[in-house]
Amino acid sequence: MIQTLKNAWKTPELRGKILFTLLILLLYRLGANIPVPFVDADAMKATFDMQNGLLGYMNLLSGGALAQGTLFALNVSPYITASIVIQLLTVALPFMERWSKEGEAGRKKINAVTRYTTVGLSLITAIGYYFLLKGDSTGSYLTKNGQGWFGAIVIIACFCAGSSLIMWLAEKINEKGIGNGVSMILFVNILSGIYNWLVRTWYSVFPRGDFGSFVATISGKMTFWDTSWWGLIKALLAIALTIASVFVIVWFTESERRIPIQYAKRQVGRKMYGGQSSNLPLKMNMAGVMPVIFASSIASIPATIASFCEKDTWMYKFANEWFNPATWPYLVVSVVLIFLFSYFYIMISFNPVEVANNIKNQGGSIPGIRPGKPTSDYIKKILGRITTLGAVFLSLVAGIPMLISIINVLADPTGQDISKQFSGIAFAGTSMLIVVGVALETFRSLESQLAMRNYKGFLD
C-alpha cells in the first residue's frame, strides 16, 4: 500500500485527485464543526456522552457532528437512504429501468431524482431532529430564541442545507477524486472518533486516569472485578481481537474465485490469434462494505423514529425493548438485510449474461461448458455461492459484536434502559468493516488507475 501511494503521488494526475479528495474531506470536517444557531452544543454533548446505543453509533458515523448539533449533523444518512430507494425503484419501475440502460443520459436522470429525494428526506429528518432538540416545553437543547417559529425555520434550514452540501461533496469525490464519496466520508468520520475511543479505553484500564487503581487493588481496598486489572484484561482482548479481525477482513476481501477461460485459435490474415488461457476473477466479497452500510441505515429507522418521541409513548417503548441494537430482533433484521443487500448489489453491478456474451464474442469458453446460455448459467451458479459466502462473512463480522453485547446485557440486567446498558461494542464490527473495506477499495482504485496509465504510456 505504501508503495502504491508513493507511485500515485509521483503521477501528477493522481496526485491532483488525492489532493482534491483530501481538500473535500477537510471541508467536510470543517462543516462538521460549524455550529447551528440557537442550539446548545454543551447540553447536547453532555447527553450524547451518556448515550452508548443507537444515538451513540449515529454520532460516531457523523464524526461527532450529531452530538454537537452542527451543520453536518444529519451526515450522509439521507443520501444513503435516497440511493437505496432509487436503486430499488430502478428495478421495480419500467421507465426507471429504461433510464438505467440509456447510458450517460439515463444516469443523469437517475442522479437528479436521487438528489431531489435526498433533499426531501433531509427536510423530513431535519424536522424530526429539531423536535428531538426541542424536547419538552423547557427546550433543554435550544436557546430561548430557538424555541419559536423563526428559530425552528433557521435550524431546520441549516440541517437540510448541510445534508444537501454533504451530498454535493460526496458526488465531487466520485467525479474528481479517489474512491467512493459516501464511503470516504464515513471513513473519515470513524477515524475522527479514534481519539475518544482511546480515551475511553484508557479510563477502562485506569478508572481514575492513573495507576491509583492498581495501588487500591494491592492494598485490598478494591476487588479484582472492580479494578483496572479486569479493565486491562478486557483492553488486551479487545486489541487482540481487533488485530485478528483486520487480518481476517483483509484476507477475505482480497480472496477471489478464478474461473478458467480458454481462447480458441483463429487466423486473421496471415496472423494467428488466440490459443491462450486466462481466467475470470470473482472477488469473494464483491459487494464490499455497501451491504453493511445500507443494512445499518435501514435497521436503525425504527429506533431513529423512536428517538424523536417521548419516553412514555408506545413507539419509544417498542424500539427500546425490541429494536435496540442490544436486542435479538435488531440482530436478526440486520443479518437478513445484509444478505438481501448483498444479493441486490451483485444483481445491479454484475451481469452474467453480458459477461458470457463477451467471452463468446472474443472466442473464449470455459473448459467443459458450452458458450452462450450454459456459460451464463455456470457463472450465475458460481456467483450465487460467492455471494452467499460474502454475505455470511459480512454477517459474522458485523453480527458477532452485537451478539456479545446482547449476552452482556442478558448477563447483567440492571433494570435500566437498554440504551444505557449498551456498551458500544455492537457496532465495532460494522465500523471496522467500513474502515478496512474503504481503505482497501481506495488503494485498489489507485492501483487500477496506475495500471491504466502504465498501459497508456506503453501504447504511446
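Two rings of Phe, Tyr or Trp count as a pair when their centres lie within 6.5 Å of each other, with Trp represented by its six-membered ring. By that yardstick, this structure, which is a predicted model, holds 7 aromatic pairs. Let's start with one of them. Trp149 and Phe150 have ring centres 6.2 Å apart and planes at 85°; planes over 60 degrees apart count as edge-to-face, so that is the label this pair gets. Trp149 itself has a relative accessibility of 66%, and because of that it counts as exposed. These two rings also have company: Phe38 joins Trp149 and Phe150 in one aromatic cluster.

Now look at another pair, Phe252 with Phe393. Here the rings are stacked, with 4.2 Å from centre to centre and 15° between the planes. What does the pair link? It connects distant parts of the chain, since Phe252 belongs to helix H13 (residues 228–254) and Phe393 to helix H19 (residues 373–411), 141 residues apart. Both Phe252 and Phe393 are buried.

One more aromatic ring deserves a glance, this time for a charge. Arg15 lies over the face of Trp9, at 5.9 Å from the ring centre.

Next, the sheet. It is an open one, built from 3 strands in the order E4-E1-E5, with antiparallel pairing. The edges are strand E4 (277–283) and strand E5 (364–365), each of which pairs on one side only. As a reminder, strands in a sheet pair through backbone hydrogen bonds. How many bridges join E1 to E4? There are 7, and the two strands run antiparallel; along this seam, Arg257 stands opposite Leu282 in E4. On the E5 side, strand E1 (residues 256–263) is joined by 2 bridges, again antiparallel. If you want to find them by residue, Tyr263 stands opposite Gly364 in E5, and Gln262 has Ser365 as its bridge partner in E5.

Finally, take helix H17, which covers residues 328–349. Does its length come out as expected or not as expected for 22 residues? At 1.5 Å a residue, H17 should span 32 Å, and its end C-alpha atoms are 32 Å apart, so the two agree. Several of its residues are buried, and the list runs Tyr330, Leu331, Ser334, Leu337, Ile338, Phe341, Ser342, Phe344 and Ile346. When you read along that list, keep in mind that an α-helix has 3.6 residues a turn, so residues three or four places apart point the same way.

Methods:
Residues are numbered from 1 along each chain as its sequence is written. This is a predicted model: local features need pLDDT of at least 70, side-chain atom pairs count only at pLDDT 80 or more; totals for chains, interfaces and linings use all residues. Side-chain values use heavy atoms; hydrogens and water are left out. Helices (H or I, at least four residues) and strands (E, at least two) are DSSP runs, numbered from the N terminus. The expected span of a helix is 1.5 Å times one less than its number of residues. Buried means under 20% relative accessible area, exposed over 50%, partly exposed in between (1.4 Å probe, protein chains only). Rings of Phe, Tyr and Trp (its six-membered ring) pair if their centres lie within 6.5 Å; planes under 30 degrees apart count as stacked, over 60 as edge-to-face and the rest as tilted. A charge sits over a ring if NZ of Lys or CZ of Arg is within 6 Å of the ring centre and within 35 degrees of the ring normal. Two strands pair if DSSP finds at least two bridges between them.
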